[in-house]
Amino acid sequence: MIDVLVIGGGNAALCAALMAREVGASVLLLESAPKEWRGGNSAHTRNIRAMHDAPEDVMSGVYSEEEYWQDVLKVTGGNTDEKLARLAIRASANCRGWMQKHGVRFQPPLSGTLNLSRTNAFFMGGGKALINAYYRSAEKLGVKVCYDSTVTSLDVRDGKFLAAYIGDERIEAKACVLAAGGFESNREWLKEVWGVNEFGEAPADNFLIRGTRYNKGILLKQLIGMGADSVSDATQAHMVAVDARAPLYDGGICTRVDCVSFGIVVNKHAQRFSDEGEDFWPKRYAFWGRLVAHQPGQIGYSIIDSKVLGRFMPPVFPGDKANTLEELADMLGLEKATLLKTVAEYNAACRVGTFDHTIMDDCHTEGLQPAKTHWALPIDTGPFYGYILRPGVTFTYLGMKTGEKADVHFGGKPSPNLFVAGEMMAGNVLGKGYAAGIGMAIGTAFGRIAGTGAAQYALSHQGVEHAAA
């Protein structure tokens, strides 16, 4: 019998598998995707948010535990487990040496990554390179990997893991780590939880999936049905405003539209609906998908002028370009008079001080609802640009409630041998909201904890086998 079964193939799963092998356990990892699509959403990442008390090789300044915690507190609105959040924060300070030992390389921040050089360490080659490095290391260490292996059900009795099933095939293990992601690519489940809005629409019909198509939430739903304790609201997610032309799956970072904070965003009625300058973009980009999702038609329009070109990472698709706002309205399909009125009211409300996109500057609006609190410049210099936005779901936050040992809980009681990591438990820390790179910090921290715990349980129960089903 295998010692540790890891279900999943992304960052958290690989961290668990590598740690379990380092402890001395035999490990089998089951990845639902084929080899060429392995890695889940982790393949689309590019950095990890990391605490540090002094400048480091690719990170400037200081990013203390307390500042990191305050960032988590702010983006989640307090909807977080402080003990688990601080655990992940502290773990982020000492994980990079371990990551490098397994082949991960880091580089200085890319241009256009607003305010991240101090808080985030970037992977050389992005998330795909990180995933490939971990798989190479896993192979060298003797982790057995099976692709195209979707686990369809679990045998869990009285909170104890016995086996996993791939169809009719039963796979027993002494301990198991669940790291199979959320349910973002399960359209029916998304429609079920989002329901029908006040406009008679099913919002989830218009969601694009930024990440993998393989995260269906099969085991998540089964475990909740078994009575496993869960956390977070099923509608909460890492949801980004992406270019409406993005593919249904695996658009990744290149479909994100990063100019939101430099202009205005309007809905299909050419009306603004939120503060575009509330905070730095790395702390707000994952809110905008949800904001757009609550607008009629689940569509938004980001509008900028030429003054701000070059201050944000350009998306893969060029925006609509027009010499006048009237022409831009026609291109975007917006009611011309309403858009002109919205822009005129915004321009009149702008109080321009010293514009500086690297700090929370003093350029703001007065007497306008909703206000724009930073980086408020009049939209008055052609040519003008417009980007059509749709909600892009990266991962959902509904997951397993856990503790400092990363164990799955049933009725408040921790399982002795069933552990969880990554997106399947990130909702403990992220009740809502997001800050760039924190998902990788959570996955790395709890993946390592879960793998260690599973291996220790398995090795302490050598010679003990489960009864056949």
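Colleague: What makes strand E1 (residues 2-7) and E2 count as a pair, and in which sense do they run?

Modeller: Two strands pair if DSSP finds at least two bridges between them, and E1 and E2 are joined in the parallel sense over 4 bridges, so the pairing criterion of at least two bridges is met. One such bridge links Val 4 to Val 27 in E2. Strands here are DSSP runs of E with at least two residues, helices are runs of H or I with at least four residues, and both are numbered from the N terminus. This is a predicted model, in which local features need pLDDT of at least 70 and side-chain atom pairs count only at pLDDT 80 or more, while totals for chains, interfaces and linings use all residues. Residues are numbered from 1 along each chain as its sequence is written, and side-chain values use heavy atoms, with hydrogens and water left out.

Colleague: Which strand is joined to E2 by 3 bridges?

Modeller: That is strand E6 (residues 144-146), which runs parallel to E2, and Leu 29 has Val 145 as its bridge partner there.

Colleague: How do you know that Gly 443 is buried?

Modeller: Buried means under 20% relative accessible area, exposed over 50% and partly exposed in between, with a 1.4 Å probe and protein chains only; Gly 443 has a relative accessible area of 3% and is therefore buried. Gly 443 lies in helix H11 (residues 438-460). Setting aside residues up to four places away in sequence, Gly 443 touches Asn 11, Ala 12 and Gly 422, where contact means heavy atoms within 4.5 Å.

Colleague: Why does Asn 197 count as buried?

Modeller: Asn 197 has 19% relative accessibility and therefore counts as buried. Asn 197 sits in the loop between helix H6 (187-194) and strand E10 (208-209), and, neighbours within four places in sequence aside, is in contact with Pro 203 and Gln 298.

Colleague: What span is expected for helix H2 (residues 65-76), and what does the model give?

Modeller: The expected span is 1.5 Å times one less than the number of residues; H2 has 12 residues and reaches 16 Å from its first C-alpha to its last, close to the 16 Å expected.

Colleague: Which residues of H2 are buried, and why are they said to be on the same side of H2?

Modeller: Glu 65, Tyr 68, Trp 69, Asp 71, Val 72, Val 75 and Thr 76 are buried in H2. They cover an arc of only 155 degrees around the axis, which puts them on the same side of H2, the arc being that of the directions from the helix axis to the C-beta atoms. Their cover includes strand E3 (47-49), helix H3 (82-92), helix H8 (281-293) and H11.
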